[in-house]
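Biologist: Please put the structure on screen. I have some questions about strands, cores and the ligand.

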Amino acid sequence: MFAHPLAEDAELRPLEPWHADEFAAHADRSRAHLAPWLPWVEIVDDVDSARRWLQTYADRQARDEGRLYGIWVGGVLSGGTLFRVFDTRAGMCELGVWLAPEAEGRGLVTRAARHMIDWAVGERGMTRVEWRTIPANERSMAVARRLGMTREGVLRASFPLGGTLHDTVVWALLADEWNKGG
Ligand SMILES: CC(C)(COP(=O)(O)OP(=O)(O)OC[C@H]1O[C@@H](n2cnc3c(N)ncnc32)[C@H](O)[C@@H]1OP(=O)(O)O)[C@@H](O)C(=O)NCCC(=O)NCCS
């Protein structure tokens, strides 16, 4: 229901609290791959914590302050995308993504992110879409580059992950740049 196709066998659709079992299993399968990059992996370690985390996004969505989507490949939850920040007053949102290792290398996240940016800019009037990552995350920055984002700078010691404060690299695109062809 309400799915956006990404490939013949892959689709993007809302990821909601009722997916807690499936999401917890996905997090367990991909934990080693995702943990070096994603703070949520540290707090989602069973079905209850998965449901709580999904509920925070359901609550944010109800307030129009965030959104969460899953990427299903061959019917298996294999990744996701989110608006970690969705600030309609400031016209600014922040996009985040992840994939299970077996779903990488097909352009699925780039396609999903384009669809989300089209919606955020085209339908919701966002003027700025941000992408934040730690400096070592080359694959993440390659997606930002593919989307036509600009690397704007570094926020030092601002990204808590694995008990350390990492630097945050901020990439962004503006609505005018997206409308000219992203
Ligand atoms: C970041 C992450 C989502 C990127 O995944 P990805 O598969 O590289 O990204 P895309 O879906 O955009 O696919 C791009 C790859 O598919 C290939 N590709 C194939 N068809 C493609 C198409 N039609 N369009 C774009 N890319 C395509 C590209 O060449 C690229 O592969 P390469 O890196 O081997 O050259 C993934 O590495 C990941 O989940 N990492 C761990 C979590 C994480 O870091 N999340 C981000 C935190 S900021």
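The questions and answers below go through the strands, the cores, two single residues and the ligand.

Modeller: This is a predicted model, where local features need pLDDT of at least 70, side-chain atom pairs count only at pLDDT 80 or more, and totals for chains, interfaces and linings use all residues. Residues are numbered from 1 along each chain as its sequence is written, and side-chain values use heavy atoms, with hydrogens and water left out.

Biologist: How many bridges join strand S3 to strand S4?

Modeller: Helices (H or I, at least four residues) and strands (E, at least two) are DSSP runs, numbered from the N terminus. Two strands pair if DSSP finds at least two bridges between them. S3 covers residues 67-73 and S4 covers residues 76-87; they run antiparallel. Gly70 has Gly80 in S4 as its bridge partner, and the bridges between S3 and S4 number seven.

Biologist: Which residue in the turn between S4 and S5 has a positive phi?

Modeller: S5 spans residues 92-99 and is antiparallel to S4, over eight bridges. Leu82 is bridged to Gly96 in S5. The S4 and S5 hairpin leaves four residues between the strands, and the positive phi, about 70 degrees, belongs to Gly91.

Biologist: How many residues of S5 are buried?

Modeller: Buried means under 20% relative accessible area, exposed over 50%, partly exposed in between (1.4 Å probe, protein chains only). S5 also pairs with S6, in the parallel sense, over three bridges. There, Cys93 stands opposite Val129. S5 is mostly covered, and of its eight residues the buried ones number seven.

Biologist: Which helix gives the most to the largest nonpolar core?

Modeller: A nonpolar core is a set of buried Ala, Val, Leu, Ile, Met, Phe, Trp, Tyr and Cys residues joined through side-chain atoms within 4.5 Å. The largest one has 34 residues, and Leu95, Ile117 and Trp131 are among those with the most contacts inside it. Eight of its residues come from residues 108-123, which is helix H4.

Biologist: How many residues are in the second, separate core?

Modeller: In soluble globular proteins, nonpolar side chains tend to be buried together. Here, Ala20, Ala24, Leu38 and Leu68 belong to the second core, whose residue count is 19.

Biologist: Is Thr133 buried or exposed?

Modeller: Thr133 sits in strand S6, residues 128-133. Contact means heavy atoms within 4.5 Å. Leaving out residues up to four places away in sequence, Thr133 touches Ser140, Met141, Asp167, Thr168 and Val169. Its relative accessible area is 3%, so Thr133 is buried.

Biologist: What is the distance of the polar contact between the side chains of Glu65 and Arg63?

Modeller: Glu65 lies in the loop between helix H3 (47-62) and S3, and is partly exposed at 38% relative accessible area. A polar contact is a pair of N or O atoms within 3.5 Å; within protein, one must be able to donate a hydrogen and the other to accept it, and residues adjacent in sequence count only if both atoms are side-chain atoms. The Glu65 to Arg63 contact is 2.9 Å.

Biologist: Which residue has a side-chain N or O atom 2.7 Å from a ligand oxygen?

Modeller: Ligand oxygen atoms also lie 3.2 Å from a polar backbone atom of Arg106 and 3.0 Å from one of Leu108. The side-chain atom at 2.7 Å belongs to Asn137.

Biologist: What percentage of the ligand's accessible area does the protein cover?

Modeller: Accessible areas come from the Shrake-Rupley method with a 1.4 Å probe; for residues, only the protein chains shown count as cover. On its own, the ligand has 930 Å² of accessible area, and the share covered by the protein is 73%.
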